[in-house]
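Visitor: I'm new to this one. Can you walk me through it?
Guide: Sure. Have a look, then ask away.

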Amino acid sequence: MFPSKSYNVDGRLRWAPSTNMPRWASRLTLVVEDVRVERLQDITTAGAIAEGVIDDEWREWREDAANIGMPEGSRIEDERDVFAKQWNTKSGAHAWDGPGSWEANPLVAVLTFRVERANIDALRKAGVTDNG
């Protein structure tokens with residue numbers, strides 16, 4: 001049974017963002033496996049890929065660009081370059097603003113987690129999660 005605020009005035013179920021969903025409705029659980037602090041620019045290529053800034057279209061472009069002759073002195077962006085641009089875009093830094101937060105190289109919290117396709121309470125009952 002859904003609470004009354006979950007319905008539109010016409011009686012149909014109303015869409016709600018996942019942050020407002022009841023706990024019992026969760027289908028995915030993120031289990032934190034590691035937490036550490038490091039400098040932003042210490043991110044690895046694998047870390048940049050794991051952040052999700054690289055897509056199949058970019059991979060195809062990069063493969064094509066690597067197969068053609070590049071002018072002397074030019075270079076193909078790597079995954080870390082793409083991540084740095086995305087980071088500055090998200091932090092509000094633009095070319096006309098001067099250096100962005102990528103250049104400032106702040107300390108960041110790095111979380112590594114795995115995705116479990118199950119409700120968190122079901123995982124706890126099964127003993128899959130080991131924290132609280």
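Visitor: Let's start small. Is D34 buried, partly exposed or exposed?
Guide: Partly exposed, because its relative accessibility is 33%. Keep in mind that this is a predicted model.

Visitor: Which side chain does D34 meet in a salt bridge?
Guide: That of R36. The N to O distance is 3.2 Å. R36 counts as partly exposed too, at 35% relative accessibility.

Visitor: Which residues do salt bridges with shared partners join into one network?
Guide: E33, R114 and E116.

Visitor: How far apart are the closest N and O atoms of R114 and E33?
Guide: They are 3.0 Å apart. R114 sits in strand β2 and E33 in strand β1, so this salt bridge ties together parts that are 81 residues apart in sequence.

Visitor: And how accessible are R114 and E33?
Guide: R114 has a relative accessible area of 26%, so it is partly exposed. E33 is at 47%, which also counts as partly exposed. The cut-off for exposed is over 50%.

Visitor: How many salt bridges are there in total?
Guide: The count comes to eight. One of them pairs D121 with R23. Their closest N and O atoms are 3.0 Å apart.

Visitor: Which parts does the D121 and R23 pair tie together?
Guide: D121 belongs to helix α5, residues 120-126. R23 is in the segment before β1, which covers 29-39. So the pair links parts that are 98 residues apart in sequence.

Visitor: Are D121 and R23 buried, partly exposed or exposed?
Guide: Partly exposed, in both cases. D121 is at 33% relative accessibility. R23 has a relative accessible area of 45%.

Visitor: New topic: the inside. How many residues are in the largest nonpolar core?
Guide: Twelve. Among them are L40, I43, I54, W58, F83, W102 and V110.

Visitor: Which elements each supply at least two residues of that core?
Guide: α3, residues 79-90, and β2, residues 107-116. The largest share comes from α3, with three residues.

Visitor: Why would nonpolar side chains be together in a core?
Guide: In soluble globular proteins, such side chains tend to be buried together.

Visitor: Pick one core residue. What is I54 in contact with, leaving aside neighbours within four places in sequence?
Guide: I49, R59, E79 and V82. V82 is a member of the largest nonpolar core as well.

Note on methods:
Residues are numbered from 1 along each chain as its sequence is written. This is a predicted model: local features need pLDDT of at least 70, side-chain atom pairs count only at pLDDT 80 or more; totals for chains, interfaces and linings use all residues. Side-chain values use heavy atoms; hydrogens and water are left out. A nonpolar core is a set of buried Ala, Val, Leu, Ile, Met, Phe, Trp, Tyr and Cys residues joined through side-chain atoms within 4.5 Å. Buried means under 20% relative accessible area, exposed over 50%, partly exposed in between (1.4 Å probe, protein chains only). Helices (H or I, at least four residues) and strands (E, at least two) are DSSP runs, numbered from the N terminus. Contact means heavy atoms within 4.5 Å. A salt bridge is a side-chain nitrogen of Lys or Arg within 4 Å of a carboxyl oxygen of Asp or Glu.
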